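Welcome to a short tour, best taken with your viewer open and your selection tool ready. Follow the stops in order and look around at each one.

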Amino acid sequence: MTPLPSRRRDPSPDSSISRRTVLRGSAVVGVAVAAGWSLSACETGPSQRQRDAEALLPHAQAAFRDQAAAQQLAPRSTEYAKALRTVSDQRGEHLKALRDEINRLHSSIADQIESPATTPTASVEALGKQIESSATAAGKTAVGSSGYVAGLLGSVSASCQTLAKVQLA
């Protein structure tokens with residue numbers, strides 16, 4: 001039995017890619033580019049995650065300011081030193097939870113949290129009013145939110161009410 005001769009194709013001008021194949025490939029690439037461009041053009045605003053992170057930002061900034069104010073007031077208001085430490089610790093926990101959620105949702109927004117206070121808080125009473133304002137704002141945002149964000153803000157609101165009406169009373 002004689003072996004069959006092997007049929008090897010020699011590269012030659014006849015075995016190159018046909019014009020028809022090039023035209024089909026160009027059409028596919030053109031359609032893909034047009035579809036990608038039109039899909040990217042549809043996104044006209046921030047994502048829901050970014051909007052949620054932006055909604056949390058003022059509450060994180062308030063927690064930062066309240067914590068700093070409590071720390072600054074503690075040496076000047078010795079009769080409230082322990083309560084102010086509690087306020088500082090709790091607002092620090094709020095800040096951490098809010099920062100973590102902002103980072104999870106849209107991390108670039110977290111860079112805006114630590115804005116310095118415009119004026120130092122003058123008294124324990126003023127801090128109490130500031131914290132009550134934080135509680136009210138967090139409660140209002142919680143009502144308009146859903147899921148974890150609503151629960152987080154509801155918890156922050158309740159804790160702030162307790163801080164203002166129990167610790168600083």
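Let's begin with charges: a search of the whole structure finds 4 salt bridges, each one a side-chain nitrogen of Lys or Arg within 4 Å of a carboxyl oxygen of Asp or Glu. Before you select any of them, note that this is a predicted model, where local features need pLDDT of at least 70, side-chain atom pairs count only at pLDDT 80 or more, and totals for chains, interfaces and linings use all residues. Residues are numbered from 1 along each chain as its sequence is written, and side-chain values use heavy atoms, with hydrogens and water left out.

**Stop 1: the whole chain**

Colour by secondary structure and you will find 5 helices and 0 strands; helices (H or I, at least four residues) and strands (E, at least two) are DSSP runs, numbered from the N terminus. Along the sequence the pattern reads α-α-α-α-α. Of the 169 residues, 30% count as buried, where buried means under 20% relative accessible area, exposed over 50% and partly exposed in between (1.4 Å probe, protein chains only). Switch on a surface and about 11300 Å² is exposed, with carbon and sulfur atoms supplying 56% of it; these areas come from the Shrake-Rupley method with a 1.4 Å probe, and for residues only the protein chains shown count as cover. Among contacts (heavy atoms within 4.5 Å) with a separation of 6 or more, 81% join residues 24 or more positions apart.

**Stop 2: a buried pair between H2 and H3**

Select Asp 66 and Arg 91, whose side chains meet in a salt bridge of 2.9 Å, N to O. This pair links distant parts of the chain, with Asp 66 in helix H2 and Arg 91 in helix H3, 25 residues apart. Is Asp 66 buried or exposed? Asp 66 counts as buried because its relative accessibility is 1%, and Arg 91 counts as buried at 1% too.

Now add Gln 67, also in helix H2. Its relative accessible area is 19%, so Gln 67 is buried. Leaving aside neighbours within four places in sequence, Gln 67 is in contact with Ser 88, Arg 91, Gly 92 and Leu 95.

**Stop 3: two more pairs**

Next, select Arg 99 and Glu 114, a salt bridge whose closest N and O atoms are 2.9 Å apart. Here too distant parts of the chain are linked: Arg 99 sits in helix H3 and Glu 114 in the loop between H3 and H4, 15 residues apart. Arg 99 is partly exposed at 23%, and Glu 114 is partly exposed at 48%.

Then move to Glu 101 and Arg 104, which meet at 2.7 Å, N to O. Both lie in helix H3, 3 residues apart, about one turn of the helix. An α-helix has 3.6 residues a turn, so residues three or four places apart point the same way. Glu 101 counts as buried at 6%, whereas Arg 104 is partly exposed at 47%.

**Stop 4: along H2**

Show H2 as a ribbon and pick out Leu 57, where a kink of about 30° lies shortly before the proline Pro 58. The bend at a residue is the angle between axes fitted to the seven residues ending there and the seven starting there. What about the overall span of H2? At 1.5 Å a residue, its 26 residues should span 38 Å, and the end C-alpha atoms are 38 Å apart, which agrees; the expected span is 1.5 Å times one less than the number of residues.

**Stop 5: the nonpolar core**

A nonpolar core is a set of buried Ala, Val, Leu, Ile, Met, Phe, Trp, Tyr and Cys residues joined through side-chain atoms within 4.5 Å. Which of the 33 residues in the largest core touch the most other members? Select Leu 84, Ile 102, Leu 127, Ile 131 and Leu 168 to see them. The elements giving two or more residues to this core are H2 (48-73), H3 (81-106), H4 (124-143) and H5 (147-167), and H2 gives the most, with 8 residues.

Zoom in on Ile 131: not counting residues up to four places away in sequence, Ile 131 touches Asp 66, Val 87, Cys 160, Leu 163, Ala 164 and Leu 168.

**Stop 6: finishing on H5**

Buried residues in H5 include Val 149, Leu 153, Val 156, Cys 160 and Leu 163, and what covers the buried residues of H5 includes H2, H3 and H4. For contrast, select Lys 165, which lies in helix H5 and counts as exposed at 52%. Draw a distance from Lys 165 to Gly 128: their C-alpha atoms are separated by 7.6 Å, although the two are 37 residues apart along the chain.
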